[in-house]
Amino acid sequence: MKTQSNPRLAPKPSSLLKRLIGLFLLCLLAPFIATAQNDAFFPTIFEEDAVHINLDFKGDEVRLFGSAPSQTDGIVAVLRSQETPPMHLSRKKRVVLFWMTVKKFLVDNLPGCYQIASSDPLHQLIKDDSQTDSRFGYEALRNDWRYELESGQSDPDDESVLFDGLIQMKENQGLYKIDENGARLHDNGLFLCRFYLPAAITTGQYIVQIFALRQGRIVGASEASLSVEKRGLAWALTYTAANHSVLYALIAVTIALSAGVLVSFLFKRKSAH
Amino acid sequence: MYIYLPIAEMSINVFLVVGIGGAVGFLSGLFGVGGGFLLTPLMMMIGIPPAVAAASDSNQIVAAAASGATAHYRMGNVDIKLGLVILAGGILGGTLGVQAVKTLRELGNFDFVIRAVYVLMLGTVGGFMFLESVNKIRRTMGRTPAPSPSNVTAPPQSPKKSFFSRLPLQVEFSSLAGTTSLLFPLGAGAAVGFLAAIMGVGGGFIMVPVMIYILGMPTVKAIGTDLFQIVLVSANVTLQQAIRNHTVDLVLAITLFCGSVIGAQFGARVSRLLKGEQLRIFFSVIVLAMMFKLLIDLITAPENVIGAVAVSGGH
């Protein structure tokens with residue numbers, strides 16, 4: 001399992017203690033809640049419920065742990081951003097000798113981030129392939145996404161080429177990932193899932209759905225949420241750029257002009273000595 | 001060492017960005033170009049979203065060009081009056097060019113045509129400058145073995161000059177021999193502005209050859225004057241991008257110009273040590289290298305045929 005420890009993520013002892021107590025209480029209540037809902041409930045909790053982006057942010061690992069129903073033999077956790085921002089994409093094709101952009105698309109209803117962490121390969125955990133495709137993995141996204149041709153002529157293979165190319169783009173950015181070794185399930189039912197949020201992660205709410213599996217069938221599901229927020233100077237600059245754009249623009253030009261002229265004079269003094 | 005770019009929403013290696021800024025700043029000070037035609041593609045190659053790359057490059061170009069222009073101004077290489085006239089022409093041509101692009105895009109897929117024209121123009125300008133400078137050096141070596149330290153090489157005389165000397169609105173410019181019609185630099189600025197808008201770049205790499213070969217300016221004066229007008233153009237673009245599109249990443253721009261303002265100083269100093277034709281040879285090599293890169297991009301299969309829609313820009 002690929003894990004990257006990050007000291008920044010280490011929670012404060014008091015915070016972790018509170019979360020562990022919370023998880024313990026949830027474990028005690030779990031059987032009663034399960035009976036009430038007539039469905040397997042299991043408690044899960046994020047180590048930290050928010051990821052803060054400062055100017056030194058270069059991606060973070062987030063960990064989620066919980067207690068699965070008894071006799072669970074596999075865990076699948078699906079993290080996705082709630083935001084589904086529209087994207088403008090282009091497709092290149094070879095025309096005579098040259099590769100050129102021949103059409104443009106508007107893509108909608110795909111999560112900005114989609115990651116899966118499972119305790120074993122998905123096709124081993126779930127026997128029914130159709131269920132795997134409809135619930136987990138990139139194929140599950142195919143059911144929801146929408147695209148429209150903005151310019152150029154449509155081709156029969158547009159959908160598959162666009163979808164596959166988009167997934168490749170997102171994987172290269174680290175935003176889409178299927179880690180079939182990203183979750184660890186212990187004999188006593190406790191499990192740990194790890195997700196790596198890359199530097200390209202956008203702010204907003206993220207939801208993780210966790211599925212407990214037994215002999216290829218889903219026997220329980222749970223959900224947890226996480227927020228990604230900008231803090232400090234990263235937040236101040238984003239806020240000013242969006243809400244006080246004239247001030248931001250003037251600051252940007254003034255700093256650039258001053259830096260250029262200042263360095264020129266510094267070099268003049270240096271060369272004069 | 002990484003730093004997070006709040007507008008681009010990604011983190012990036014500080015030393016890599018400072019290094020790229022330094023290299024492009026050096027070229028800016030040396031050749032009098034903004035360097036956007038190199039910097040914007042380089043930023044996109046390291047993963048900066050195209051819109052943020054183009055806008056933030058404009059901001060860093062303000063710094064690099066101000067640094068280079070101030071250095072050239074002290075050396076007496078900036079003709080402010082001529083720079084302002086060319087700038088006025090550039091704004092006029094640029095406005096017409098933007099409208100032309102809009103109309104042509106509505107007619108169909110124009111992106112490939114733009115790229116092809118770009119390659120053709122880089123090849124023509126680079127090839128012509130390279131051959132002209134090599135011939136000049138050959139002639140100089142054949143005639144006078146003792147090299148002159150002067151970098152203010154007499155410009156190649158323009159055959160059109162006598163035509164413009166008969167037109168109205170005659171004005172004297174310190175960097176041009178005698179008087180010339182105001183329409184001459186204004187028209188040259190407008191033509192470059194139009195082409196630059198069509199190709200989505202600032203046009204420094206076309207403007208410098210135009211100043212040398214068509215207006216007949218000495219090479220270093222063309223460089224200094226072009227840098228002066230680039231400061232004003234880039235400052236305007238930065239203001240527009242920040243106010244309208246919110247795509248200027250101040251952290252990226254500051255990181256870039258940490259390298260570029262220093263690089264521009266070294267570039268301006270090196271330009272003093274070289275003769276005009278030597279400068280033109282180096283410049284033409286850079287332009288030709290860029291042309292080959294674009295040509296290779298056009299003929300080799302991309303790793304992924306699907307990509308984010310690029311926003312062109314630069315100076």
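At roughly what angle do the axes of helix α3 and helix α9 of chain B cross? The legends below take that up and then move on to other spots in this predicted model.

**View 1. Helices α3 and α9 of chain B cross each other.** Here we have α3 (residues 50-74) and α9 (residues 219-245), whose axes come within 8 Å and cross at roughly 150°. Since angles over 145 degrees count as roughly antiparallel, α3(B) is roughly antiparallel to α9(B). The crossing is left-handed. On the α3(B) side, the residues that meet α9(B) include B:A55, B:I61, B:V62 and B:H72, while the α9(B) side brings in B:V220, B:F228, B:V237 and B:Q241, among others. Sorted by class, this contact has 14 nonpolar, 8 polar and no charged residues.

**View 2. B:N59 is tucked into helix α3 of chain B as a buried residue.** Its relative accessible area is 0%. Leaving aside residues up to four places away in sequence, B:N59 touches A:A252, A:V253 and A:A256 from chain A, along with B:T238, B:V248, B:L250, B:A253 and B:F257 from chain B.

**View 3. Helix α5 of chain A covers residues 158-173.** With 16 residues at 1.5 Å a residue, α5(A) should span 22 Å, and its end C-alpha atoms are indeed 22 Å apart. Buried residues in α5(A) include A:V161, A:L162, A:F163 and A:I167, and also A:D158 and A:K170. The buried residues of α5(A) pack against β5, β6, α4, β8 and β9 of chain A, plus β5 (306-308) of chain B. Just past the helix, A:G174 takes a positive phi of about 80°.

Methods. Residues are numbered from 1 along each chain as its sequence is written. Chains are lettered from A and ligands numbered from 1 in the order in which they are written. This is a predicted model: local features need pLDDT of at least 70, side-chain atom pairs count only at pLDDT 80 or more; totals for chains, interfaces and linings use all residues. Side-chain values use heavy atoms; hydrogens and water are left out. Axes are lines fitted to C-alpha atoms, for helices over the stretch in contact, and angles run from 0 to 180 degrees between N-to-C directions. Helices (H or I, at least four residues) and strands (E, at least two) are DSSP runs, numbered from the N terminus. Angles under 35 degrees count as roughly parallel, over 145 as roughly antiparallel, 65 to 115 as roughly perpendicular and the rest as oblique. A crossing is left-handed if the near helix is turned anticlockwise from the far one by less than a right angle, and right-handed if clockwise. Contact means heavy atoms within 4.5 Å. Ala, Val, Leu, Ile, Met, Phe, Trp, Tyr, Cys and Pro count as nonpolar, Asp, Glu, Lys and Arg as charged, and the others, Gly among them, as polar. Buried means under 20% relative accessible area, exposed over 50%, partly exposed in between (1.4 Å probe, protein chains only). The expected span of a helix is 1.5 Å times one less than its number of residues.
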